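Welcome! Open your viewer, get the structure on screen, and let us walk through it one selection at a time.

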2 protein chains.
Amino acid sequence: MKELVAGIDIGGTGTKFGLTDREGNVLSSSQISSTSQESFEEYLEELHAGLESCLAELNATNNGYKIVGIGVGAPNGNYYKGTIDDAPNLRWRGVLTFVEAFKQYYDVPIILTNDANAAALGEMLFGGAKGLKDFVVITLGTGLGSGFVVNGELLYGYDGFAGEVGHTIVDVNGRECGCGRQGCLETYVSAPGLVRTVQELLGRSVAKSALRKVSFEDMTSALIAQKAQVGDAIALRAFDYTAEILGLKLADLVAHTSPETIFLFGGLANAGDILFDPVRHYTEKFMLNLYKDRVKILPSAIGEQNAAILGAAALIWHDLKNIESKHQNLSIC
Amino acid sequence: MKELVAGIDIGGTGTKFGLTDREGNVLSSSQISSTSQESFEEYLEELHAGLESCLAELNATNNGYKIVGIGVGAPNGNYYKGTIDDAPNLRWRGVLTFVEAFKQYYDVPIILTNDANAAALGEMLFGGAKGLKDFVVITLGTGLGSGFVVNGELLYGYDGFAGEVGHTIVDVNGRECGCGRQGCLETYVSAPGLVRTVQELLGRSVAKSALRKVSFEDMTSALIAQKAQVGDAIALRAFDYTAEILGLKLADLVAHTSPETIFLFGGLANAGDILFDPVRHYTEKFMLNLYKDRVKILPSAIGEQNAAILGAAALIWHDLKNIESKHQNLSIC
């Protein structure tokens, strides 16, 4: 039998899933809506059916595949309890007992954590963090997520919720955040944060900009990146401001956990040098001397298309590796 | 033979050291100056002689003690290399190869790390953090130090320098810091930070205060605490301001590593409720909902007198425990 691990990435609008092998190939994948079902149970049923279709598709041509574990990345994923706790952008409220409920379909290990933690493990097993023991992955999308790897293992903390860098505070009187507070990092550094920055700059500055023709609702981080590439003054200033704030908070992050590398991942990170150059500049500027010139800031080395599925699957592959290395140690003694 | 571990705490003016047993008793202790010797080598020689005196004293009454390991807490202590790297408040500049040099006197394990890391391990083995796996110790003295324990182990990070919370930035245009930057947390939250806050408040406010009679140089955090206890308006405001800034940065810290408990230790923490009550209030206020009412903020449970020696010695006792539990596991298999 060829062993496969299912990776499931639960997002607010859609859920991606796929079957992966130990080398980090996604052999089959698909997705379902995260909003069209009447109940969470119905959603799980549809997800199960989808996974079974993927498996059947593979076994149709080459029989002998089986699922040996399921990894799940979810917003507000609680690793210790296997639950999704009050995720603001999911349709279903309260505490969703995902792992317990999904056990009705599969008698294999199921591990659930937040999506940024999954991205960090994916980076370690299949991306740019191979061999690294201390690094951080920052995901820059509709929010700012973070996953810390410390001494070769994900950092969960006491209650499983470590790594909420997006909700560290830049300015207590700053921008309103969806979490109910003000001035959280992700209100500045994320795709919507960049759009908000452009709006403020359009008001504050008299510089000419192609972005003056675009409404708030039509504006996207991709459009702003595109305008920055061709020298639009407002777009460039917006990236510089975003990088300055991110650099300041990355310097704090380094003072907490002293990582070797910080990987930036997700929509906003696709802007490339326009983001990375100033982020590197400001992080160095704000870092304590002890750390200067020691911390690398790099783009993720996992292709975005399969990153979420591979990250989720990595939760299981990483545990399997640990178990195998322990067995080896035991047989030596 | 009764096994002892030496604990050494290297400070800018004095070096404390002592011999400890496995239960956390300091059986013999002493100290030497950190400034009176002509060279670092001479300092090490004096330190060695001091330790030998402690040992001889014990063996005079009850022969059979031996030193099985040496733990060292030092400013800018580099755990991986066993060196003290450019500590600004030590007499000797550059990189001091402490562990390598001290091996000439003792053929036992010698572990060196920064003093706040040592304090955290001391809290875990002998203080209020027994049985905890995720906690932080913040030392509030002439600076602000921090030691993180994550999943039961000290967090060193890539280069051994994790835990510099005192140099996270509160305000990029804020107070000048000894590290050459501006607005570091320890310029606000530390014994000298509190004195600086009082100075600023004396200028800004017209409130009556006994502190108006005291010069900057004569003012101490202990005096300010004493005046706060009797209701001095400026002293109380200074504690509130200090707590607000500490609470803000502790909320960030929680968002990074999600500890179960944060211990406050050192001179400023001795102020008691006058500090702890507002620190708890502001930390809760600034924390993300996910963490509210979950993180305890407590005073250290190690008596200050022996804390530094016990913390340093804990570096070795903790490793010995780990080695013994591994041996037990191996003999089971």
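Begin with the place where the two chains meet, keeping in mind that this is a predicted model. How many salt bridges are counted between chain A and chain B? The count is four.

**Stop 1: a salt bridge across the interface.** Select K249(A) and D252(B). These two residues form a salt bridge, and their closest N and O atoms are 2.7 Å apart.

Now add D252(A) to your selection. D252(A) also forms a salt bridge with K249(A), this time with the closest N and O atoms 3.9 Å apart. Why can these two residues of chain A reach each other? They are three residues apart in helix α6 of chain A, so about one helical turn separates D252(A) from K249(A). If you would like the wider tally, the structure holds 13 salt bridges over all chains.

**Stop 2: the whole contact surface.** Next, select the residues of each chain that touch the other. You should find 39 residues of chain A in contact with 39 residues of chain B. Colour Y158(A), H256(A) and L288(A) brightly: together they supply 20% of the area that chain A buries against chain B, more than any other three residues.

The size of an interface is often given as the accessible area lost when the parts come together. Here the area buried between chain A and chain B is about 3,600 Å², and carbon and sulfur atoms give 63% of that.

**Stop 3: polar contacts and the elements behind them.** Switch on polar contacts between the chains. The interface of chain A and chain B has 21 residue pairs in polar contact, counting pairs with both residues at pLDDT 80 or more. Which elements give two or more residues to the side of chain A that touches chain B? They are β10 (144-150) and α6 (233-257) of chain A. Of these, α6(A) gives the most, with seven residues. Colour this side of chain A by residue type and you will see 22 nonpolar, nine polar and eight charged residues.

**Stop 4: the symmetry.** Zoom out to view both chains. A turn of 180 degrees, with a shift of 0.0 Å along the axis, lays chain A on chain B with an RMSD of 0.0 Å. That is the relation of a two-fold axis. The same surface serves both copies, as 100% of the contact residues of chain A recur in chain B.

**Stop 5: aromatic rings.** Over all chains, the count comes to 26 aromatic pairs. For one of them, select Y282(A) and F286(A): the pair is stacked, 6.3 Å centre to centre, with 15 degrees between the planes. Y282(A) and F286(A) are four residues apart in helix α7 (residues 273-286) of chain A, so about one helical turn separates them.

Definitions and conventions:
Residues are numbered from 1 along each chain as its sequence is written. Chains are lettered from A and ligands numbered from 1 in the order in which they are written. This is a predicted model: local features need pLDDT of at least 70, side-chain atom pairs count only at pLDDT 80 or more; totals for chains, interfaces and linings use all residues. Side-chain values use heavy atoms; hydrogens and water are left out. Contact means heavy atoms within 4.5 Å. Buried area is the accessible area (1.4 Å probe) that two parts lose on being put together, summed over both. A salt bridge is a side-chain nitrogen of Lys or Arg within 4 Å of a carboxyl oxygen of Asp or Glu. A polar contact is a pair of N or O atoms within 3.5 Å; within protein, one must be able to donate a hydrogen and the other to accept it, and residues adjacent in sequence count only if both atoms are side-chain atoms. Ala, Val, Leu, Ile, Met, Phe, Trp, Tyr, Cys and Pro count as nonpolar, Asp, Glu, Lys and Arg as charged, and the others, Gly among them, as polar. Copies are superposed by least squares on the C-alpha atoms of residues with pLDDT of at least 70 in both. Rings of Phe, Tyr and Trp (its six-membered ring) pair if their centres lie within 6.5 Å; planes under 30 degrees apart count as stacked, over 60 as edge-to-face and the rest as tilted.
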